[in-house]
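Opening the notebook on this one. I want to see how the parts of the chain sit against each other, then pick out a helix and a salt bridge.

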Amino acid sequence: MEPAPGPQEKYHLITRNLQEVLGEDKLMAILKERELKIYWGTATTGKPHVAYFVPMSKIADFLKAGCEVTILFADLHAYLDNMKAPWELLELRTRYYENVIKAMLESIGVPLEKLKFVRGTDYQLSKEYTLDVYRLSSVVTQHDAKKAGAEVVKQVEHPLLSGLLYPGLQALDEEYLKVDAQFGGVDQRKIFTFAEKYLPSLGYAKRVHLMNPMVPGLTGSKMSSSEEDSKIDLLDRKEDVKKKLKKAFCEPGNVENNGVLSFIKHVLFPLKSEFVVLREEKWGGNKTYTAYEALEKDFAEQVVHPGDLKNSVEVALNKLLDPIREKFNSPELKKLTNAAYPNPSKAKPAEKGTKNSEPENVVPSQLDIRVGKVISVEKHPDADSLYVEKIDVGEPEPRTVVSGLVQFVPKEQLQDRLVVLLCNLRPQKMRGVESQGMVLCASSVEEPRQVEPLDPPAGCCAGERVYVEGYEGGEPDNELKPKKKVFEKLQADFRISEDCVAQWKERNFLTKLGRVSCKSLKGGSIS
């Protein structure tokens, strides 16, 4: 029998992979005296997706550290958050969450008997709790309530009063669940600091707050239940998992906002303490990593290819999803799923005034794509697998662009070459060097290691606009906002035709001198 972990080891298990802890001294003091009591709450709104494995793996850590863990199914919160869960569906969605969260925990080997499961409405409608809501509302300002919920409560043009109540209820839950700490994503930070400020005004203790980082979705921003392309549903078929992972943002050498790498770091490594990259023998064979940092370093240096990484995650993820799919294959749970989440095509239209009630159309003319001339190429000072290129795009100063073309194009072949550059991405640092654009390249579908930069027509000049046939007249956005995912949505339909022409929905990429193409990768993708 293994000896019980000491306070320091418990502290390490509780806090590893977290982004922030509020109340570290109090946490250590409690661990020196007794086991920590902690809760994690989830509002029963959209269908849970694979990013929910991130808090699940932390719950496994809490149990290893001897914590007393409560899981709150926050059904009343789901209704208060701009009615994300309509009242008539509240009970059904709560039952769905109870079943799917328990199935997730079982799939990663968490013993359910060590957990306490509670519904919000089990105690939030009591006389005592209701009185505390009124007491809290008499001391909280409207400004503080709105600010606290800004990252969590759905923001609409005409906000409802219910959204202002939401943070107060979440604060009171800490007292009524009799816990020492609350665990959540870093997007909950404003609610956590709100609770620390206002609970003492009711005579209740300030709690410890533990925060996970927000894991990027497959498109490179937050994984969201409402963004179909950004997430993999827990009940997705294997072919859907493959399709979504194939589209996932995973640029060679780029470890920033990489949802595939983040999933490995925050889910697969904590669960298994290792990760196996599956590769054919000709590419070096399988490689087992026992430290995430070593995997990230190899990916940054392009020792690990995005195609191999995605394939390996697909295998590992399906092992986690198989028991959940099997459980939900029963007639009873199929019926519950359909009732809790009815077909959206039969749902009532969204109310007027709700932001994003209609999916926002994106068009190719929003992209600022130009012909660029590479005027210098150097190896990245901190990554041999990356180039730092100076590219003339018709502006007073050349742009600095970091690319992963080292293993595909020799340096001398890039010098003075014409390329196609996406110019209105938000600049981001890649291994310490700010990149001010993306060189668009064709990739082979069959062999992801084959990559070719797109070629503008002969005779083009630096700075010439590249546009999609039929979208010549539109003005590009000044800067593509990451949350709107304009590029990612359009990129899903980028293809190389059978005659090697770059296309969007079978419409050619053009300059005034003709078609944009690649040398040989027929049927390839563009990124």
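Below are my entries, in the order I looked things up.

**Entry 1, domains.** Note to self: this is a predicted model. I get domain 1 at 7-212, domain 2 at 238-340 and domain 3 at 364-526. I went for the pair of domain 2 and domain 3, and their centres, taken over C-alpha atoms, are 27 Å apart.

**Entry 2, the interface.** How many residues of domain 2 are in contact with domain 3? I count 17 from domain 2, and they meet 15 from domain 3. Size next, and for that people often quote the accessible area lost when the parts come together. Here domain 2 and domain 3 bury about 1400 Å² between them, with 50% of that coming from carbon and sulfur atoms. On the domain 2 side I find Trp283, Gln302 and His305 losing the most area to domain 3, and together they make up 37% of what that side buries.

**Entry 3, polar bits across the interface.** I ran the salt-bridge rule between domain 2 and domain 3 and got 0. The polar-contact rule gives me 1 residue pair, both partners at pLDDT 80 or more. Which elements give two or more residues to the domain 2 side? Those are α10 (238-247) and α13 (306-327). I also sorted the residues on that side of domain 2: 8 are charged, 6 polar and 3 nonpolar.

**Entry 4, salt bridges overall.** Searching the whole structure, I get 28 salt bridges. One I looked up is Lys10 with Glu35, where the closest N and O atoms are 2.9 Å apart. Lys10 is in helix α1 (residues 7-15) and Glu35 is in the loop between α2 (24-33) and β2 (37-43), so this pair ties together parts 25 residues apart in sequence.

**Entry 5, a helix check.** I took α5, residues 87-107, which has 21 residues. From first C-alpha to last, α5 reaches 31 Å, close to the 30 Å expected at 1.5 Å a residue. After α5 comes Gly109, and I noted its positive phi, near 80°.

Notes
Residues numbered from 1 in each chain as written. Predicted model: local features only at pLDDT ≥ 70, side-chain atom pairs only at ≥ 80, totals over all residues. Heavy atoms only, no water. Domains from an automatic or database assignment. Contact = heavy atoms within 4.5 Å. Buried area = accessible area lost by both parts, 1.4 Å probe. Salt bridge = Lys/Arg side-chain N within 4 Å of Asp/Glu carboxyl O. Polar contact = N/O pair within 3.5 Å; in protein donor to acceptor, adjacent residues only side chain to side chain. Helix = DSSP H or I, 4+ residues; strand = E, 2+ residues; numbered from the N terminus. Nonpolar A, V, L, I, M, F, W, Y, C, P; charged D, E, K, R; others polar. Expected span 1.5 Å × (residues − 1).
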